[in-house]
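Today I sat down with the cysteines of this protein. I wanted to know who is bonded to whom, and what surroundings each partner has.

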Amino acid sequence: MAAAWTVVLVTLVLGLAVAGPVPTSKPTTTGKGCHIDRFKSLSPQELASFKKARDALEESLKLKNWSCSCPVFPGNWDLRLLQVRERPVALEAELALTLKVLEAAAGPALEDVLDQPLHTLHHILSQLQACIQAQPTAGPRPRGRLHHWLHRLQEAPKKESPGCLEASVTFNLFRLLTRDLKCVANGDLCLRTSTHSEST
């Protein structure tokens with residue numbers, strides 16, 4: 001009887017050795033050094049600081065005579081219209097322009113109220129850039145809607161007045177924070193949509 005059990009045990013051990021280790025599932029990650037998923041929602045304190053900054057900017061704009069020759073952000077700006085891999089690139093351009101304009105607007109009257117929001121935006125941008133750099137291979141060059149949007153944001157500082165730029169990023173600020181950032185942070189869970197309109 002003991003000999004029979006010995007044969008069975010030897011057979012099981014040999015079988016496991018041939019089969020190798022049991023595969024284990026690994027959690028899906030967004031890439032080494034990429035932590036953009038932290039920004040699926042901002043804290044109430046962060047949102048409050050942005051609201052205070054937006055209100056101060058809007059009051060400042062009332063004292064300025066500004067106009068735009070064309071909208072800085074296209075009328076159909078919605079990151080859900082883009083491929084998932086394209087969205088971080090669009091958000092990076094949106095953040096970069098927002099930071100550039102708000103830093104220029106942060107004079108003595110707005111310096112204190114913009115300090116924390118600017119710090120938060122810089123942190124988000126650095127995390128986003130880490131995600132873009134962590135992508136294993138470079139994607140194709142921007143084309144179509146993404147190319148058009150990026151070109152619009154790149155050309156805006158050359159064509160529009162400081163007042164127009166300040167108003168545009170101010171009115172776009174909460175769309176950036178609560179819709180665009182959230183969409184990128186959610187990755188594939190931010191469902192792609194389509195539109196019948198190609199208006200800009």
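Before listing any links, I fixed my rule: I call two cysteine sulfur atoms a disulfide when they lie within 2.5 Å. I also noted for myself that this is a predicted model.

**Entry 1: the count.** I applied the rule and found three disulfides. Counting the bonded cysteines along the chain, I wrote the pattern down as 1-3, 2-4, 5-6.

**Entry 2: C34 and C131.** I looked up this pair and found the two joined, S to S 1.9 Å. I read 95 degrees about the S-S bond, a right-handed link. Where do C34 and C131 sit in the chain? I placed C34 in the loop between α1 (2–19) and α2 (44–61), and C131 in helix α4, residues 111–133. The two are 97 residues apart, and I noted that the pair links distant parts of the chain. I checked accessibility as well: C34 is buried, and C131 is too.

**Entry 3: C68 and C164.** Here I found a disulfide with S to S 2.0 Å. I noted it as right-handed, because the torsion about the S-S bond is about 115 degrees. C68 lies in the loop between α2 and α3 (87–105), while C164 belongs to helix α6 (residues 162–186), so this link ties together parts 96 residues apart in sequence. Is each partner buried or partly exposed? I got a relative accessible area of 30% for C68, which makes C68 partly exposed. For C164 I got 0%, so I entered C164 as buried. My cut-off for buried is under 20%.

**Entry 4: C183 and C190.** I found the sulfur atoms of this pair 2.1 Å apart, and they form a disulfide. The torsion about the S-S bond reads -95 degrees, and I marked the link of C183 and C190 as left-handed. Both C183 and C190 are buried.

**Entry 5: C70.** Which cysteine sulfur is nearest to that of C70? I found the sulfur of C164, 7.6 Å away, and C70 is in no disulfide. My rule asks for sulfur atoms within 2.5 Å. I also looked up the accessibility of C70: at 33% relative accessibility, I put C70 down as partly exposed.

**Recap for the bench.** My list of links reads C34 to C131, C68 to C164, and C183 with C190. Beside it I keep a note that C70 is in no disulfide.

Notes
Residues are numbered from 1 along each chain as its sequence is written. This is a predicted model: local features need pLDDT of at least 70, side-chain atom pairs count only at pLDDT 80 or more; totals for chains, interfaces and linings use all residues. Side-chain values use heavy atoms; hydrogens and water are left out. Helices (H or I, at least four residues) and strands (E, at least two) are DSSP runs, numbered from the N terminus. Buried means under 20% relative accessible area, exposed over 50%, partly exposed in between (1.4 Å probe, protein chains only).
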